[in-house]
Every structure is written in structure tokens, then in C-alpha cells.
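Open the structure in your viewer and keep the selection panel at hand. The stops below go one selection at a time.

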Amino acid sequence: MTEPTRILLIVTGGIAAYKSLDLVRRLRERGASVRSILTAGGSEMVTPLALAALSGEKVYQDLFSLTDESEMGHIRLARDADLVVVAPATADFLAKMATGLADDLATTVLLATTAPVLVAPAMNVQMWAHPATQRNVKRLRGDGIRFIDPGSGDLACGEEGPGRLAEPVDIIGAIETLLAQPKPLHNIRALVTSGPTIEPIDPVRYFGNRSSGKQGHAIAGALARRGAEVTLVTGPSVQPPPPVACLTQVETAEEMLAACREALPADIAVCVAAVADWRVKAVHKQKLSRRNGQPPRYEMEENPDILAQLSQTANDRPRLVVGFAAETEDVVDRARAKLERKQCDWIVANDVSDDSNVFGGDSNTVHLITSQATETWPRLSKEEVADRLAERIADALVEPTARP
Ligand code: CTP
């Protein structure tokens, strides 16, 4: 491994857990940093002290640990990893993963992570061959989980056959292959806007919108995973940010524009934020009171259009400017008109009408619109939309004729 890699190792309760200590040692020898989560079963097999001593890091065990949550938080634990490795994974743990249970720290982190996950199962030969286990493995593979299958040989239970944890050196080989994914956006600077903006009315009230930041954050993460140096400029969002080079948190449209200007020059700009079109002209210094009698009337003024400004910047215009268009009717036509009006290169259009469940939801049906063509993508998770868009961006930057 040439770059320091952050590995999150989950050790579950198989007898092969002792081999995880060797795995940690070898990973560290190769320059990786290793954080470990020990399940309740895992801690029957290896001690947290042994794992902590070998990894040189604290070992995490409880979901509801006040200290751990205040120091790190399980979502950050999930997000701060380049790769999650489960070794050994018991039959029980595979079943939990396959059904999406989140009843302890390890399973919760696995649901929250956006990093690739590599699983090294280890169990009795019959347990491995059991249709229920094989069904779970198949389902997990379908979810994009990678496996390094167990080897054959004498098992701790006295039986023989497939079920032995893969050797640490082979697990390392699988890790290296996984992490050696190409980084087509290396040396590329990307700016991504995400989340809502909120526009103050008085010291306690604001106008806002229902954007969750999920799609924008996923795009920032997908670009960063492909090697881009990403600046994520986000309005208030409860969404944990992906690992990016620079994170700027803002509230208003004007702050977002200033942060975007600050992030230039950039090769790519992707404007996903749901920027408020209007702001209150004169923000009240004091809290408005009901006792004033009449319902308040607000004089509004227009906010800057960040996407249009980035697209029309004379100097420093990013080579590729991508906007989003959230529409409730005539989705493609309106989005194309927006592309022309704002002069961006691509628009990703989606239907946000009441029954689409896009705002706050996990999936999105989008159209990718360019000056020449429109592509309709199938219904995808927001992570998948992000990955697909990042691939298209990489193609376009490497080979301009690859633009759709
Ligand atoms: N956008 C922006 N700044 C604004 C408004 C929108 O950067 N002040 C960007 C959004 O991030 C998105 C695109 O413009 O990439 C389209 O946003 P949308 O809200 O769909 O369009 P509007 O410009 O608000 O147009 P309309 O109100 O007519 O739908």
C-alpha cells in the first residue's frame, strides 16, 4: 500500500479471531492504520487489550458508550474508514448483515459506512454450506459486499472442508486489490454544493427547505473516492459529511456563494444544494412578537444564483459545471431550459413531486441532460446516482468526446 489507508476491522466471535491479531500486525507493517470493533462474541475469543496493543488504537465495543460517542461517534467511526474488513465473520454475523440488523456497534457501523466492505467468513463446514448461509452470502454480494471465501482444511471443530478463515496474507492481497481501484480524478479539484440554505427572518426564525444533503454529500464522497480534491460547501444538514479535502459549512445563499468563490479555481463544480431563491430584505434584529397584532409581511429580495455565476465566471470557470434541477412537472423540458438559462454544461434533473419521495429519501430517478442529449437513468440509490455521475465526470475530463 503506497498511501496510508484507514482500515476498520470488525472482529466477530469465531475461533479464528486469533488470526485477526496477525492481520492487524501485517496491515500496520504495510503502513495502514487499523481501528477495530470487537463484537460481544469476538471479545470471548480475543481481548480488546491485545487488539489495542497491536493496532496502537483504541478498540470499540459498545454502541451505547458515552465516552466513545463523545470522542468519536459511531457514524464518524463508519465514515472515517477507506475500507471496512470483517474478519472473521461468523454465520450469525452474516445473517445479521444480510437482514440489515443494527443491534450492536458493528452492525450499526456497517449500515452507516459508505466505504467498501470486505468480509472473510469462518465457520464449521456444514454451517458454511447451509442454504441459509449461502443465501445470506448471495444477498450480501448483491448488495456490493466483497468476500474472500473461506479456505478448506482441518477446522477447529474437528471436521474438514471449507470454512477456515482465509489466511491473513490472502486477506491482505484482497484488501490491496480492492484499494488499488483507479483514481481517475487524481489532481482534479472539485467543488460540490449540498444541502439547503436557510435565510434568517429574525434571530430565531428562518426560511428553509427540505433538502437533506444526502445526494450532494454522496456526490462529494464519490468524487473524493476517485481521487479528486473535493471542497464540499454545505448548508445545514444532519447528514455526516464524507471524507473530503475541505468542508465548509454555511447557512445562507450569500455565504454559500462566497465559499464557492473561495474554492475556485476548480476543474469541476457540481451544484446540488437547494439554494433558497429569495431572502428577507431586512432581517429583524429583534424576535418578532405575536403581540404586534398583524401577521408579518416580508419584503423579499433575490438571492444570487450560484450555479449561474459559476457557469458564467469569465476567469476561473470550472471545465465542467453540473447543476441539478428539482422539478415537479415537465421535468426534462424545464431542466433543459434551466441548463440554457444558467449556461452550465450538464443538468441532472429529477422529479420531486409529492409522490416521488426524493426529499429526505434514499433513491432518485434522474435524467442526465447535456446540450446534445438526454439520458434517463433507472431508479437508483443516491449513492449509485453519485457513483454513476462521478464515472461520467471522470470520462468527460479524461476524454472530452466521451461526453454524452
Ligand atoms: N441554484 C443555485 N443558486 C440558486 C438557485 C439554484 O446554485 N440561487 C442551483 C441549484 O444548486 C441547482 C440548480 O441551480 O443546481 C437548479 O436549482 P432549482 O432550484 O431547480 O432552480 P431555480 O434556479 O430555483 O429555478 P426555478 O425556481 O425556476 O425552478
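The tour of this predicted model starts at the ligand and ends at a helix.

**Stop 1: the ligand.** Select the ligand. It sits in the second largest pocket. Now show its surroundings: 15 residues surround the ligand. The closest are Cys271, Ala273, Phe324, Lys338 and Lys342.

**Stop 2: polar contacts.** Pick Lys342. An N or O atom in its side chain is 2.5 Å from an oxygen atom of the ligand. Move to Cys271. Here the backbone takes part: one of its N or O atoms lies 2.6 Å from a ligand oxygen. Then select Asp277. A polar atom of the Asp277 side chain is 3.0 Å from an oxygen atom of the ligand. How much of the ligand does the protein bury? Taken alone, the ligand exposes 570 Å², and the protein buries 78% of that.

**Stop 3: the shell.** Colour the shell by residue class. It has 9 nonpolar, 5 charged and 1 polar residues. Next, highlight helix H13 (306-311), strand S17 (320-327) and helix H14 (331-342). Each supplies at least two residues of the shell. Which element gives the largest share? That is S17, with 4 residues.

**Stop 4: helix H7.** Leave the ligand and select residues 105-112, helix H7. Is H7 mostly covered or mostly open? Mostly covered: 7 of its 8 residues are buried. The buried residues are Leu105, Ala106, Thr107, Thr108, Val109, Leu110 and Ala112. Finish at the N-terminal end of H7, which Asp104 caps. A side-chain oxygen of Asp104 lies 3.4 Å from the backbone nitrogen of Ala106.

Terms used:
Residues are numbered from 1 along each chain as its sequence is written. This is a predicted model: local features need pLDDT of at least 70, side-chain atom pairs count only at pLDDT 80 or more; totals for chains, interfaces and linings use all residues. Side-chain values use heavy atoms; hydrogens and water are left out. A residue is near a molecule or strand if one of its heavy atoms lies within 4 Å of it. A polar contact is a pair of N or O atoms within 3.5 Å; within protein, one must be able to donate a hydrogen and the other to accept it, and residues adjacent in sequence count only if both atoms are side-chain atoms. Accessible areas come from the Shrake-Rupley method with a 1.4 Å probe; for residues, only the protein chains shown count as cover. On a 1 Å grid over the protein atoms alone, a cavity is a set of points where a 1.4 Å probe fits but cannot get out, and a pocket is an open set with protein on both sides within 12 Å along at least five of seven lines; lining residues have an atom within 4 Å of a point. A molecule sits in a cavity or pocket if more than half of its atoms lie within 2 Å of its grid points. Ala, Val, Leu, Ile, Met, Phe, Trp, Tyr, Cys and Pro count as nonpolar, Asp, Glu, Lys and Arg as charged, and the others, Gly among them, as polar. Buried means under 20% relative accessible area, exposed over 50%, partly exposed in between (1.4 Å probe, protein chains only).
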